[in-house]
Amino acid sequence: AKDIANGLMKNSVVQGVSIRSTNTELITLSRSETPLDTTTVRLSGVGRKVTSPFDASIEIGEILVQPNLDELDRINRKDLVFIGTVLILQLIIIILAAIYAVFRWIVLPMKNMSDMLHKTRDDESGTLPTPAGHETTEIGRLVKDINDLTGHLAEARKQAEKASRAKGDFLANMSHEIRTPINAVVGMAHLALKTELTDKQRDYVEKIRSSGSHLLDLVNEVL
């Protein structure tokens with residue numbers, strides 16, 4: 001009984017131990033000067049019945065252990081601090097891993113796409129390469145859609161430039177074709193005014209020259 005009691009007292013959370021037989025107290029140890037109250041220990045401590053090794057139905061004694069509540073509280077706080085620290089470290093690792101995954105699989109491919117768009121915006125045949133590992137992901141499909149859209153836009157720009165050139169050529173030809181006869185009419189009217197004309201003829205020719213000049217100014221503004 002003494003060896004068992006001393007072994008239990010080596011544990012810092014044990015405040016006191018009392019080992020009793022059915023008839024008497026065998027040994028009682030306590031870290032405080034106050035003797036153990038077996039009734040209190042039975043209510044607030046840990047008690048174990050001891051039975052005969054030959055017949056488990058025969059009770060031969062009991063072991064009462066009074067815990068050191070202050071030591072238990074200190075150990076619990078220490079364990080809580082340790083567990084909290086481990087959980088915080090795990091949370092930080094998870095957050096860092098999530099940030100890395102987002103940067104590696106979303107931010108970096110999008111940045112590369114943006115850089116390629118700036119490089120190819122003036123190149124009609126330029127296409128964006130699909131980022132490695134994203135051939136079947138949303139980013140890969142986005143790259144394909146962008147390439148299709150830029151292809152359509154390049155074709156539309158070609159058609160618009162072609163139409164613009166045709167319009168310019170048409171206006172240049174029309175300008176030449178319209179100005180030439182108007183200049184001839186204005187010039188002939190100017191020469192006619194220098195000849196001997198009746199007042200009525202001069203009035204007609206002056207109106208032709210004036211109208212022709214006005215029409216030439218209008219053509220110059222429009223074309």
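This passage walks through a predicted model of a single chain, from its overall form to a handful of its residues.

Overall form is a good place to start. The secondary structure consists of five helices and four strands. Followed along the sequence, these elements appear in the order α-β-β-α-β-β-α-α-α. The chain is more spread out than a compact globule, because its radius of gyration is 53 Å, well over the 17 Å given by the globule rule for 223 residues. The box filled by the C-alpha atoms tells of the chain's dimensions too: along the principal axes it comes to roughly 165 × 40 × 30 Å.

The surface can be described in a few figures. Of the 223 residues, 19% count as buried. The chain exposes about 16,600 Å², and carbon and sulfur atoms supply 61% of that area. As for charge, the chain carries 27 positive and 29 negative charges, and the mean positions of the two sets lie 2 Å apart. Contacts within the chain can also be sorted by separation in sequence: among those between residues at least 6 apart, 43% join residues at least 24 apart.

With the whole in view, individual residues can be visited, beginning with strand β1. This strand covers residues 14-21 and includes Gln 15. Gln 15 counts as buried because its relative accessibility is 16%, below the 20% limit for that class. Setting aside neighbours within four places in sequence, the residues in contact with Gln 15 are Met 9, Ser 30, Arg 31, Ser 32, Gln 66, Pro 67 and Asn 68.

Helix α3 spans residues 69-120, and Glu 71 is one of its residues. Glu 71 is also classed as buried, because its relative accessibility is 16%. Its side chain makes a polar contact with the side chain of Arg 74, at 2.6 Å. Beyond the residues up to four places away in sequence, Glu 71 touches Ser 12 and Val 13.

Helix α4, made up of residues 138-192, offers three more stops, and Glu 138 belongs to this helix. Glu 138 is classed as exposed because its relative accessible area is 57%, over the 50% that the class requires. From Glu 138 to Ala 166 there are 28 residues in sequence, and the C-alpha atoms of the two are 42 Å apart in space.

Further along helix α4 comes Ile 182. In contrast to an exposed residue, Ile 182 is buried, with a relative accessible area of 9%. Apart from neighbours within four places in sequence, its contacts are with Gly 212, Leu 215, Leu 216 and Val 219. Ile 182 can also be related to Ser 210, which is 28 residues away along the chain: their C-alpha atoms are separated by 11 Å. Glu 138 and Ala 166 are likewise 28 residues apart, but there the C-alpha separation is 42 Å.

The last stop in helix α4 is Gly 187. Gly 187 counts as partly exposed because its relative accessibility is 28%, which falls between the 20% and 50% limits. The C-alpha atom of Gly 187 is 86 Å from that of Ala 97, a residue 90 places away along the chain. That distance can be viewed beside the overall dimensions of the C-alpha box, roughly 165 × 40 × 30 Å.

Methods
Residues are numbered from 1 along each chain as its sequence is written. This is a predicted model: local features need pLDDT of at least 70, side-chain atom pairs count only at pLDDT 80 or more; totals for chains, interfaces and linings use all residues. Side-chain values use heavy atoms; hydrogens and water are left out. Helices (H or I, at least four residues) and strands (E, at least two) are DSSP runs, numbered from the N terminus. Buried means under 20% relative accessible area, exposed over 50%, partly exposed in between (1.4 Å probe, protein chains only). A polar contact is a pair of N or O atoms within 3.5 Å; within protein, one must be able to donate a hydrogen and the other to accept it, and residues adjacent in sequence count only if both atoms are side-chain atoms. Contact means heavy atoms within 4.5 Å. The radius of gyration is taken over C-alpha atoms; the globule rule is 2.2 Å times the number of residues to the power 0.38. Accessible areas come from the Shrake-Rupley method with a 1.4 Å probe; for residues, only the protein chains shown count as cover. Lys and Arg count as positive and Asp and Glu as negative; His and the chain ends are not counted. The place of a charge is taken as NZ of Lys, CZ of Arg, CG of Asp or CD of Glu.
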